[in-house]
Amino acid sequence: MITRLAFACLALLFLAALPSAEAETRAERVERLAPAFEAIVFGLRPRPIVLRVDGPVVLQPSGPFSDESRAVLQRHAEDLTLLTGYAVRVGDGEDTRPEERPFWIYLSLAKDMPPHLDRSWIAGWLQRRMPASFCAFVTRGDHRIKEAVITINLGLTEETIQHCLIEETSQSLGAIDDTPRLNPSAFNDLGGLVDRLQPDDRVILRALFAPEMRAGLQREEVLGLLPGILDRAIAAEEN
């Protein structure tokens with residue numbers, strides 16, 4: 001007679017032998033991430049070309065950043081360097097080098113944001129709207145992003161400020177839009193907060209900065225190349 005304990009052990013062994021319902025093949029992941037990539041890079045109202053930074057970037061934080069947030073930003077810069085192939089560093093003041101794209105990051109109360117925005121190229125009507133946002137970014141350039149201004153409301157929680165740092169700096173590189181398809185993700189405003197790029201986020205950025213990609217590439221051409229690019233980006237993350 002099989003005892004209850006023995007039966008329970010046999011049942012656990014049987015369940016362990018079944019394939020995991022959460023297991024995802026690389027082909028399935030490519031299929032899942034392709035529409036997310038399209039939404040993030042080209043937007044809900046699709047832009048016709050890839051808009052992307054093309055060269056080294058310096059992140060210039062300004063305001064009362066906590067030690068924790070500065071550490072998050074430093075780690076994020078290291079992640080971005082790996083994923084984009086371009087040097088991304090955290091600056092100190094105005095020490096931007098000639099070859100770098102300056103990305104200014106202002107952390108301040110909403111009422112104190114206008115003086116920061118006055119230093120930028122942003123149109124007056126847009127300046128008036130930005131302080132109302134929790135966090136926002138604006139880029140300058142044609143198909144190559146040359147500069148960015150990021151504003152983050154100091155009234156937010158520390159956890160939200162750190163999510164904003166990850167989100168806005170990543171998006172201003174060229175992964176411009178959000179999508180509900182990924183969660184948690186730096187590219188999902190309605191999902192869980194993150195203090196580091198998530199696995200799917202990393203694949204999206206690797207794909208955006210793959211050798212086959214370039215600023216100004218036509219959307220139709222990108223979508224034709226995308227399955228192979230995503231497959232190689234996933235493989236790079238797995239290794």
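In this predicted model, start with helix α3, residues 67-84, and helix α7, residues 199-208: their axes come within 8 Å and cross at roughly 45°. Two packed helices are described by exactly these two things, the angle between their axes and the distance between the axes. Angles from 35 to 65 degrees are neither roughly parallel nor roughly perpendicular, and α3 and α7 are therefore called oblique to each other.

Which residues in α3 and α7 meet? On the α3 side you will find D79, L80, L82 and L83, and on the α7 side R202, L205 and R206. Sorted by class, this contact has 4 nonpolar and 3 charged residues, with no polar ones.

Now turn to another pair of helices. Helix α2 covers residues 26-42 and helix α8 covers residues 219-238; the axes of these two come within 9 Å and cross at roughly 125°. Once again the word is oblique: angles over 115 and up to 145 degrees fall outside the perpendicular and antiparallel ranges, so α2 and α8 are oblique to each other. Their crossing also has a hand, and it is right-handed.

If you would like to trace this contact yourself, pick out R26, R29, V30, L33, A34, F37, E38 and F42 along α2. Their partners in α8 are R219, V222, L223, L226, P227, L230, D231, I234, A235 and E238. What classes do the residues of the contact of α2 with α8 divide into? There are 12 nonpolar and 6 charged residues, and no polar ones.

Next, let us look at open space. The largest pocket holds about 290 Å³ of space. It is lined by 16 residues, and the closest to its centre are C135, E167, E168, D178 and D189. Two elements give two or more residues each to this lining, namely strand β5 (135-141) and helix α6 (158-172). Which element gives the most to the lining of the largest pocket? That is α6, with 6 residues. By class, the lining of this pocket is made of 7 nonpolar, 5 polar and 4 charged residues.

One last stop is a detail of the backbone. Where does P184 lie? You can find P184 in the loop between α6 and α7. The peptide bond that joins N183 and P184 is cis, with omega at about -5°. This loop leads us back to familiar ground: α6 is the helix that gives 6 residues to the pocket lining, and α7 is the helix whose axis crosses that of α3 at roughly 45°.

How values were computed. Residues numbered from 1 in each chain as written. Predicted model: local features only at pLDDT ≥ 70, side-chain atom pairs only at ≥ 80, totals over all residues. Heavy atoms only, no water. Axes fitted to C-alpha atoms, helices over the stretch in contact; angles between N-to-C directions. Helix = DSSP H or I, 4+ residues; strand = E, 2+ residues; numbered from the N terminus. Left-handed = near helix turned anticlockwise from the far one by under 90°. Contact = heavy atoms within 4.5 Å. Nonpolar A, V, L, I, M, F, W, Y, C, P; charged D, E, K, R; others polar. 1 Å grid on protein atoms, 1.4 Å probe; cavity = no way out; pocket = protein on both sides within 12 Å on 5 of 7 lines; lining within 4 Å. Points joined across faces, edges and corners; volume = space filled by probe spheres on them.
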